[in-house]
Structure formats: structure tokens, C-alpha cells
Amino acid sequence: VFQGRILAWRLVGQETRYEVEVKTPYRHRFPLVPREYLWVPNTCGCPPLREGGEYLLMARRHVNYERTLNRILLQDDGYARPWTPREDRLVREAARHC
């Protein structure tokens, strides 16, 4: 779970790749660098993430079977909401209990 700002997006094959500036990592099981690519397995714009927007994102690390691909994937059951101070407060409170 992290707060990120969308810098750019690009369609790559049947997926959408977002370039994200990682603002605040809240809870992560793998290291995040200040700039990451976030992959969405569709080209329909779902969820709708706009350039310049800040979001609270819950994504998963995806490593393929051959271990040649290691990326951050926002799946259909992932979480992407516009970032607000309220969202920040809720995530910080939840982190204390988890």
C-alpha cells in the first residue's frame, strides 16, 4: 500500500503501464524505489488513473514462473482511490492494527 502520483501512462500490448512517483509507502512486503512502473492487466482504463493525480494504491508484486519478470501489478481486486488526508488517516490507523 502506498501513495503515488501518476507521472505518465502507456499502452503496452494488452496492458497499461503507469509511471508512478512513490510519495509515501505505508505497508510493503517488497522494497519500493522513488519511481516505479505500475502495471494494469487491461487497456480499458480501469481503474481510471489520470496523469498528475495522487492515489492510494494497493498492488501486488508479480513474478512470473521463469523469474524473469518482476513488477508491481494492480489487479482487478486491487485498490486505487484518489488520495485525501482522510485516506491517509484511515491507512495509518489500520496499519496499527495489522
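Let us start with one pairing of strands: β4 and β7 run antiparallel and are joined by four bridges. Within this part of the structure, Leu-56 stands opposite Arg-81, a residue of β7. Keep in mind as you look around that this is a predicted model. Across the protein the pLDDT averages 86, and 95% of the residues score at least 70. Among the elements, β1 has the highest mean pLDDT, at 94, while helix α1, made of residues 85-97, has the lowest, at 78.

Now step back from that one pair to the sheet. Strands of a sheet pair through backbone hydrogen bonds, and they may do so in parallel or antiparallel fashion. Here seven strands form an open sheet with mixed pairing, and reading across it gives the order β5-β6-β3-β2-β1-β4-β7. At the edges are β5 (60-63) and β7 (79-82), each of which pairs on one side only. If you ignore direction, neighbouring strands of this sheet are turned by 45 degrees against each other on average. The β7 strand from our opening pair is thus met again here as an edge strand, because it pairs on one side only.

Next, the nonpolar core. Which residues of the largest core touch the most other members? They are Tyr-18, Val-20, Leu-38, Leu-49, Leu-57 and Leu-74, out of 15 residues in that core. The elements that give two or more residues to this core are β1 (2-12), β2 (15-25), β3 (35-40) and β4 (54-58). Of these, β2 gives the most, with three residues.

Tyr-18 is a good place to pause. Leaving aside residues up to four places away in sequence, Tyr-18 touches Ile-6, Ala-8, Trp-9, Glu-36, Tyr-37, Leu-38, Val-40, Pro-47 and Leu-49. Two of the names in that list, Leu-38 and Leu-49, are also among the core residues that touch the most other members.

From the core we can turn to charged side chains. How many salt bridges are there? The count comes to six, and three of them are followed here, beginning with the pair Glu-19 and Arg-35, whose side chains meet at 3.7 Å, N to O. Glu-19 lies in strand β2 and Arg-35 in strand β3, so this pair ties together parts that are 16 residues apart in sequence. Glu-19 is partly exposed, with a relative accessible area of 25%, whereas Arg-35 counts as exposed at 51%.

Strand β2 takes part in another such link. The side chains of Lys-23 and Glu-54 meet in a salt bridge at 3.6 Å, N to O. Because Lys-23 lies in β2 and Glu-54 in β4, the pair ties together parts that are 31 residues apart in sequence. Both partners are partly exposed: Lys-23 has a relative accessible area of 38%, and Glu-54 has 27%.

The last stop is helix α1, where the side chains of Arg-89 and Glu-93 meet in a salt bridge at 3.9 Å, N to O. What separates these two residues along the helix? Arg-89 and Glu-93 are four residues apart in α1, which means about one helical turn lies between them. Arg-89 is partly exposed at 44% relative accessible area, and Glu-93 is partly exposed at 34%. When you look at this pair, remember that α1 is the element with the lowest mean pLDDT, 78.

Conventions
Residues numbered from 1 in each chain as written. Predicted model: local features only at pLDDT ≥ 70, side-chain atom pairs only at ≥ 80, totals over all residues. Heavy atoms only, no water. Core = buried A, V, L, I, M, F, W, Y, C linked by side-chain atoms within 4.5 Å. Buried < 20%, exposed > 50% of the residue type's maximum accessible area, 1.4 Å probe, protein only. Contact = heavy atoms within 4.5 Å. Pairing = 2+ DSSP bridges. Axes fitted to C-alpha atoms, helices over the stretch in contact; angles between N-to-C directions. pLDDT = per-residue confidence, 0-100. Salt bridge = Lys/Arg side-chain N within 4 Å of Asp/Glu carboxyl O.
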